[in-house]
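Subject: Structure handover

Hi there,

Here is the structure I promised to pass on to you. Have a look at it first, and my notes on what turned up follow below.

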Amino acid sequence: VRKEAYQKYLAQIDESRLYSNYGPLNSLFERRVLEQYFQGEGALTTVNNATIGLMLAICHAKRERGRYALMPSFTFPATPLAAMWCGLEPYFIDIRDDDWCMNESILEETLGRLGDQAACVVTYAAFSTCSNLSRYEALHLDGIPVVIDAASSFGSASERGQFGLGFPGPVVFSFHATKSFGIGEGGLVYSGDEDLIRRIRQAGNFGFSADRISTMLGLNSKLSEYAAAVALATLDVFPEKRKIRQRIYQWYLEQFSRAGLFSLGWLPQKAQGEIPRQTASFLCPGGQSNLDHVARLADHRVESRTYFAPPCHKQPLFSAHPRSDMSVTEDISERVINFPTWEEMGEREVTKIVFLLAKS
């Protein structure tokens with residue numbers, strides 16, 4: 001959002017002279033999100049970034065004697081890093097070839113083998129999709145803690161409502177500048193379990209009790225009032241931003257079809273729900289390299305990305321950690337391309353991108 005949109009909120013900071021510590025703007029933002037997006041069910045707390053949110057979520061969800069955090073390798077390094085900061089070892093699980101989310105069948109087989117060594121599961125909703133959480137909810141209620149990495153899923157909704165609504169474990173959202181709900185840095189942790197959020201919030205404020213005495217392992221995860229001002233201004237316009245991004249994605253689908261790219265082996269991600277589309281994510285045909293397409297687009301001043309290539313298990317810090325067979329992950333990571341969906345794009349820009357792909 002432009003500065004004019006959040007100046008009225010900044011003025012309130014001058015009046016209150018409160019700049020952090022869960023101030024009035026932060027509290028207003030939390031109340032509005034809980035009511036407007038989570039139907040007043042459960043509880044949530046803001047965090048200064050989603051990586052800290054993941055650390056707090058894993059720390060307060062994990063089984064204390066467990067060793068491994070099971071997760072996809074097709075995710076951002078923040079996910080395994082957060083587990084490592086919590087004293088756990090990542091255990092990478094392959095993904096499905098259609099929606100690019102963790103393969104639950106492989107996950108459950110691995111959990112059976114690991115037994116008590118499994119500390120928690122951290123699943124990722126790839127590129128905002130409203131993946132079905134029923135199996136994860138059953139795992140969580142059966143004693144295997146589950147953390148949902150919903151980094152880019154704020155605003156994603158199914159028939160039931162906002163993604164993660166009512167989930168009994170922690171659901172972590174990112175408000176990084178690259179996300180569809182971007183405020184620079186920030187995020188929130190939601191759960192249907194209000195007591196869990198109370199503990200996470202306390203830990204994010206140095207573990208302070210009501211009388212400001214540290215009673216648990218804590219850190220500083222508080223969102224500043226300045227960030228909350230931008231968040232409130234973004235919340236005001238977010239419904240329209242969602243519509244614009246969804247329209248841009250539809251242009252991609254239409255142009256891919258008109259150019260005959262689907263018949264040549266290009267594939268969109270299979271995604272569920274109403275999604276605000278952080279990016280437009282497609283696979284190039286098998287045997288082709290996403291890096292070649294990205295380089296050709298860059299020659300024409302078009303910026304695209306290859307999330308997540310290389311996948312985490314191919315990166316030096318994580319390469320020694322255990323994993324399942326990674327054949328699907330490795331195939332997807334060599335073919336995935338994430339095209340821009342910024343709100344000021346028009347159909348002409350989308351047509352240009354697809355035209356360049358068709359020429360290659």
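Let me begin with Asp99, which counts as buried because its relative accessibility is 7%. Please keep in mind that this is a predicted model. Asp99 forms a salt bridge with Arg96, and their closest N and O atoms are 2.8 Å apart. Arg96, for its part, is partly exposed, with a relative accessible area of 22%. Glu104 belongs to this group too: Arg96, Asp99 and Glu104 are linked in a network of salt bridges.

There are 17 salt bridges in the structure, and two others deserve a few words from me.

One of the 17 salt bridges joins Arg201 to Glu30, with 2.9 Å between the closest N and O atoms. This pair links distant parts of the chain, since Arg201 sits in helix α7 (residues 194-203) and Glu30 in helix α2 (residues 24-38), 171 residues apart. Are the two partners buried or exposed? Glu30 counts as buried, at 9% relative accessibility, whereas Arg201 counts as partly exposed, at 23%.

The other salt bridge is between the side chains of Glu274 and Arg242, at 3.4 Å from N to O. Glu274 lies in the loop between β10 (267-268) and β11 (280-283) and Arg242 in helix α8 (residues 225-258), so this pair ties together parts that are 32 residues apart in sequence. Here Arg242 is buried, with a relative accessible area of 15%, while Glu274 counts as partly exposed at 43%.

Arg242 also turns up in the surroundings of Tyr37, a residue of helix α2. Setting aside neighbours within four places in sequence, Tyr37 is in contact with Arg32, Phe154, Gly155, Gln162, Leu235, Phe238, Pro239 and Arg242. Tyr37 counts as buried, because its relative accessibility is 10%. If you would like a distance to check in your viewer, the C-alpha atoms of Tyr37 and Pro285 are separated by 37 Å, and the two residues are 248 residues apart along the chain.

Next, the helix packing. Two packed helices are described by the angle between their axes and the distance between the axes. Helix α3 (residues 50-61) and helix α4 (residues 78-85) have axes that come within 8 Å and cross at roughly 45°. The two helices are therefore oblique to each other, and their crossing is right-handed. Which residues make the contact? From α3 come Thr51, Leu54, Met55 and Ile58, and they meet Ala78, Thr79, Ala82, Ala83 and Trp85 of α4. By class, that gives seven nonpolar, two polar and no charged residues.

Helix α1 (residues 3-16) packs with α8, their axes coming within 8 Å and crossing at roughly 145°. This crossing is right-handed as well. On the α1 side the contact is made by Ala5, Tyr6, Lys8, Tyr9, Leu10 and Ile13, and on the α8 side by Glu225, Tyr226, Ala229, Val230, Leu232, Ala233 and Asp236. These residues divide into 10 nonpolar, no polar and three charged.

Now for some backbone details that you may want to look at before any setup work. Most residues other than glycine have a negative phi, and most peptide bonds are trans. Ser128 has a phi near 80°, a positive value in a residue other than glycine. Ser128 lies in the loop between β4 (118-124) and α6 (134-141) and counts as buried at 0% relative accessibility. Phe206 likewise has a positive phi, near 65°. Phe206 is found in the loop between α7 and α8 and is partly exposed, with a relative accessible area of 36%.

Where are the cis peptide bonds? One runs from Tyr307 to Phe308, and another from Ala309 to Pro310, each with omega near 0°. Phe308 is in the loop between α9 (290-299) and α10 (327-335), and Pro310 lies in the loop between α9 and α10 too.

Lastly, Ser128 has a partner worth showing you. Ser153, in the loop between β5 (146-149) and β6 (157-158), is buried, with a relative accessible area of 0%. Apart from neighbours within four places in sequence, Ser153 is in contact with Ala125, Ser128, Thr129, Gln162, Phe163 and Phe173. Gln162 is in contact with Tyr37 as well.

Happy exploring, and best wishes!

How values were computed:
Residues are numbered from 1 along each chain as its sequence is written. This is a predicted model: local features need pLDDT of at least 70, side-chain atom pairs count only at pLDDT 80 or more; totals for chains, interfaces and linings use all residues. Side-chain values use heavy atoms; hydrogens and water are left out. Axes are lines fitted to C-alpha atoms, for helices over the stretch in contact, and angles run from 0 to 180 degrees between N-to-C directions. Helices (H or I, at least four residues) and strands (E, at least two) are DSSP runs, numbered from the N terminus. Angles under 35 degrees count as roughly parallel, over 145 as roughly antiparallel, 65 to 115 as roughly perpendicular and the rest as oblique. A crossing is left-handed if the near helix is turned anticlockwise from the far one by less than a right angle, and right-handed if clockwise. Contact means heavy atoms within 4.5 Å. Ala, Val, Leu, Ile, Met, Phe, Trp, Tyr, Cys and Pro count as nonpolar, Asp, Glu, Lys and Arg as charged, and the others, Gly among them, as polar. A salt bridge is a side-chain nitrogen of Lys or Arg within 4 Å of a carboxyl oxygen of Asp or Glu. Buried means under 20% relative accessible area, exposed over 50%, partly exposed in between (1.4 Å probe, protein chains only).
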